[in-house]
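Reader: I would like a close look at the charged pairs of this model, and at the parts of the fold around them. Please start from the network and work outward.

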Amino acid sequence: MEGPYIRIEETGAVIPLSEKVTTIGRGAAVDVHLGDPSVSRLHAEIVRHGPYAYVADLGLSRNGTRVNGRLVARRVLEDGDVLSFGSARCRVGGIPKEDIAAEVELRRSATPELTRRELDVLTSLCRPALSDEAFVAPATAREIATDLVVTEAAVKQHLLRLYQKFRIPEGPNRRVRLANEVVALGLVRPLPPAGRPEVPGLRPPAGHPEPVTSRQAS
């Protein structure tokens with residue numbers, strides 16, 4: 001098959017990727033239908049930008065999306081990557097290969113393994129910074145706790161582990177530096193605030209994240 005495609009491991013079905021967005025899930029109206037009960041009706045999407053493609057978990061399933069076994073919110077894809085949507089496995093192919101600078105490859109390989117709860121904390125931390133409001137500080141531990149319905153102490157423990165995983169040294173604006181690192185790596189794709197629909201175009205283009213500011217950061 002010419003051009004990028006996704007292959008469903010269980011059935012062997014091969015579906016070409018749309019020129020723009022390919023939806024994946026258990027629903028009847030998606031482009032790539034997966035019957036596994038661990039998959040949500042609208043689970044994820046693969047977005048193409050010229051020769052590039054990235055997968056984005058839509059945050060509507062507890063089971064998440066993985067690329068080569070690693071839980072992700074959004075990740076640029078390479079030819080042969082194995083995608084897991086819940087328990088359903090697929091493989092992408094036909095994506096042009098590109099030589100990547102050594103420092104970029106090193107940065108990618110340094111991305112730490114994250115648990116689902118750690119990804120939830122990072123998503124809540126960065127949500128304000130990826131909204132349509134300019135110069136917004138990342139969420140505080142109390143705001144994250146309220147968002148995730150957990151204790152503030154639990155959030156602080158998660159943040160301490162995340163500082164260690166991302167090698168964020170002690171000092172002022174530590175949350176800001178963690179948020180900037182996470183956004184730069186493309187690890188989060190925050191959901192819109194409760195009661196507010198997501199408006200297309202609010203998220204920064206892939207590879208061009210808006211920096212998080214230190215205003216109001218503790």
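Which residues are linked in a network of salt bridges?

Author: Arg7, Glu9 and Arg91 are linked in such a network. A salt bridge here is a side-chain nitrogen of Lys or Arg within 4 Å of a carboxyl oxygen of Asp or Glu. The model is predicted, so local features need pLDDT of at least 70 and side-chain atom pairs count only at pLDDT 80 or more, while totals for chains, interfaces and linings use all residues. Residues are numbered from 1 along each chain as its sequence is written, and side-chain values use heavy atoms, with hydrogens and water left out.

A search of the whole structure finds eight salt bridges. One of them joins the side chains of Arg70 and Glu113, at 3.2 Å from N to O. This pair links distant parts of the chain, 43 residues apart: Arg70 is in strand β8, and Glu113 is in the loop between α1 (102–109) and α2. Helices (H or I, at least four residues) and strands (E, at least two) are DSSP runs, numbered from the N terminus. Arg70 counts as buried because its relative accessibility is 18%, whereas Glu113, at 47%, counts as partly exposed. Buried means under 20% relative accessible area, exposed means over 50%, and partly exposed is in between (1.4 Å probe, protein chains only).

Two further salt bridges lie within helices. In α2, Asp120 and Arg117 are three residues apart, about one turn of the helix, and their side chains meet at 3.8 Å from N to O. Asp120, at 24% relative accessibility, and Arg117, at 34%, are each partly exposed. In α4, Glu152 and Lys156 are four residues apart, again about one turn, and their side chains meet at 3.7 Å from N to O. Glu152 is partly exposed at 28%, and Lys156 is partly exposed at 44%.

The helix that holds Asp120 and Arg117 is itself mostly covered. Eight of the eleven residues of α2 (residues 116–126) are buried, so this helix is largely enclosed by the rest of the structure. Among the buried ones are Glu118, Leu119, Val121 and Leu122. The buried residues of α2 pack against β8, α3 (141–148), α4 and α5. Contact means heavy atoms within 4.5 Å.

Of these neighbours, α5 has twelve residues and reaches 17 Å from its first C-alpha to its last, close to the 16 Å expected at 1.5 Å a residue. The expected span is 1.5 Å times one less than the number of residues. Its buried residues include Arg174 and Arg175. Before it, in the loop between α4 (152–165) and α5 (174–185), lies Asn173, which has a positive phi of about 60° although it is not a glycine. Just after α5, Gly186 takes a positive phi of about 70°.

Back at Arg70, the next residue to follow is Thr65, which touches Arg70 as well as His43, Ala44, Val55, Asp57, Leu71, Val72, Ser84 and Phe85, not counting residues up to four places away in sequence. Thr65 is found in strand β7 and is buried, with a relative accessible area of 0%. Its side chain makes a polar contact with the side chain of Asp57 at 2.6 Å. A polar contact is a pair of N or O atoms within 3.5 Å; within protein, one must be able to donate a hydrogen and the other to accept it, and residues adjacent in sequence count only if both atoms are side-chain atoms. In the loop between β7 and β8 (70–72) sits Asn68, where phi is positive at about 55° although the residue is not a glycine.

Strand β7 (residues 65–67) pairs with β10 in the antiparallel sense over three bridges, and Thr65 stands opposite Phe85 in β10. Two strands pair if DSSP finds at least two bridges between them. Both faces of β10 (residues 82–85) are covered: Val82 and Ser84 on one side and Leu83 and Phe85 on the other are all buried. Four bridges join β10 to strand β11 (residues 88–93), again antiparallel, with Ser84 opposite Arg89. The two strands form a hairpin with two residues between them, and Gly86 in the turn has a positive phi of about 65°.
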